[in-house]
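Got your viewer open? Here's a walk through the model, one selection at a time.

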Amino acid sequence: MEPSTDDVVVLVDDSGAPLGTAPRLEVHTGETPLHLAFSTYLVDDEGRLLMTRRALGKKTWPGVWTNSACGHLLPGESAVDAARRRVPGELGADPEDLRMALPDFRYRAVDASGVVENEICPVMVGRITTDIAPDPDEVAEHAWMDWATVRAIARDSPHLLSPWCVAQVSALGDELFPREAS
């Protein structure tokens, strides 16, 4: 029987076709099935990237620094709609000007406890133009960083970041969110 709550992940086959759902809190194990997720990279008006450190109570990669916010898609939901739904609850602010940057990103990684992340995880860039108030159950702390600094950390000290963040930062390239000419 399909879970009836909105706290599920969408299970998919290798091509990304939906197979059903599973409860989010039960799906992440040593044999996590492939499922849908999203990642966001959000900058402020000065072009600084919001980096977050995952709360210590998180099941996967607790206490690890990562991108601005991540989450899972609900059945029938696009990655952009999932980000618009989820980011305000995690960061206490709405993402603006979301743009798809890496629509086909996917990864599989195993954390120190043996829990697997196995996701098709489109990556979006966008902006945060208001103060944030992160949910402490999601975010232990945050920092605004220059993109070049984040790129250097991912390259030179990848163990300081989540594995998906390291791979995404590399794939995003030198200019995360170019400023518009004034």
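## Start with a buried arginine

Select Arg53 first: with a relative accessible area of 19%, Arg53 is buried (buried means under 20% relative accessible area, exposed over 50% and partly exposed in between, using a 1.4 Å probe and protein chains only). Before going further, some ground rules: this is a predicted model, where local features need pLDDT of at least 70 and side-chain atom pairs count only at pLDDT 80 or more, while totals for chains, interfaces and linings use all residues. Residues are numbered from 1 along each chain as its sequence is written, and side-chain values use heavy atoms, with hydrogens and water left out.

Now add Glu141, whose side chain meets that of Arg53 in a salt bridge, 2.7 Å from N to O. The term salt bridge here means a side-chain nitrogen of Lys or Arg within 4 Å of a carboxyl oxygen of Asp or Glu. This pair links distant parts of the chain: Glu141 sits in strand 11 (residues 139-145) and Arg53 in strand 4 (residues 49-54), 88 residues apart. Helices (H or I, at least four residues) and strands (E, at least two) are DSSP runs, numbered from the N terminus. Unlike buried Arg53, Glu141 is partly exposed, at 37% relative accessible area. How many salt bridges are there by this rule? The count is 14.

## Next stop: Arg86 and its partners

Jump to helix 2 (residues 79-91) and pick Arg86 and Glu90, which lie 4 residues apart, about one turn of the helix. They form a salt bridge, with the closest N and O atoms 3.6 Å apart. Glu90 counts as buried at 7% relative accessibility, while Arg86 is partly exposed at 23%.

Keep Arg86 selected and bring in Glu138: their side chains meet in another salt bridge, 2.9 Å from N to O. Here, too, distant parts of the chain are linked, since Glu138 is in the loop between strand 10 (123-127) and strand 11, 52 residues from Arg86 in helix 2. Glu138 counts as buried, at 14% relative accessibility. Add Lys58 to the selection and you have the whole network: salt bridges that share partners join Lys58, Arg86, Glu90 and Glu138.

## Look down helix 3

Which residues of helix 3 (residues 147-156) are buried? Select Trp147, Val150 and Ala154. They cover an arc of only 60° around the axis, so they are on the same side of helix 3; the arc is that of the directions from the helix axis to the C-beta atoms. Swing round to the face turned away from that buried side, and you'll find the exposed residues Ala148, Arg155 and Asp156.

Show the neighbours next: the cover over the buried residues of helix 3 includes strand 3 (35-43), strand 4, strand 11 and helix 4 (163-172). Then zoom in on the start of helix 3, where a side-chain oxygen of Asp146 reaches to within 3.0 Å of the backbone nitrogen of Ala148.

## Rings

Time for the aromatics: there are 4 aromatic pairs (rings of Phe, Tyr and Trp, the last by its six-membered ring, pair if their centres lie within 6.5 Å; planes under 30 degrees apart count as stacked, over 60 as edge-to-face and the rest as tilted). Select Tyr41 and Trp147, whose ring centres are 6.2 Å apart with planes at 90°, so the pair is edge-to-face. Tyr41 lies in strand 3 and Trp147 in helix 3, so this pair ties together parts that are 106 residues apart in sequence. Both Tyr41 and Trp147 are buried.

Move on to Phe105 and Tyr107, a tilted pair at 5.9 Å centre to centre and 35° between the planes. Phe105 is buried at 11% relative accessible area, and Tyr107 is buried at 12%. Add Trp61 and Trp164 to see the cluster that ring pairs make with Phe105 and Tyr107.

## Last stop: His35 and Thr32

Find His35 in strand 3. Buried or exposed? His35 counts as buried, at 0% relative accessibility. Its side chain is joined to that of Glu119 by a polar contact of 3.2 Å (a pair of N or O atoms within 3.5 Å; within protein, one must be able to donate a hydrogen and the other to accept it, and residues adjacent in sequence count only if both atoms are side-chain atoms). Leaving out residues up to four places away in sequence, what His35 touches includes Val9, His28, His72 and Glu119, where contact means heavy atoms within 4.5 Å.

Finish at Thr32, in the loop between helix 1 (24-27) and strand 3. Thr32 is buried, at 5% relative accessible area. A polar atom of the Thr32 side chain lies 2.9 Å from the backbone nitrogen of Thr29, and the backbone oxygen of Val27 lies 3.4 Å from a polar atom of that side chain.
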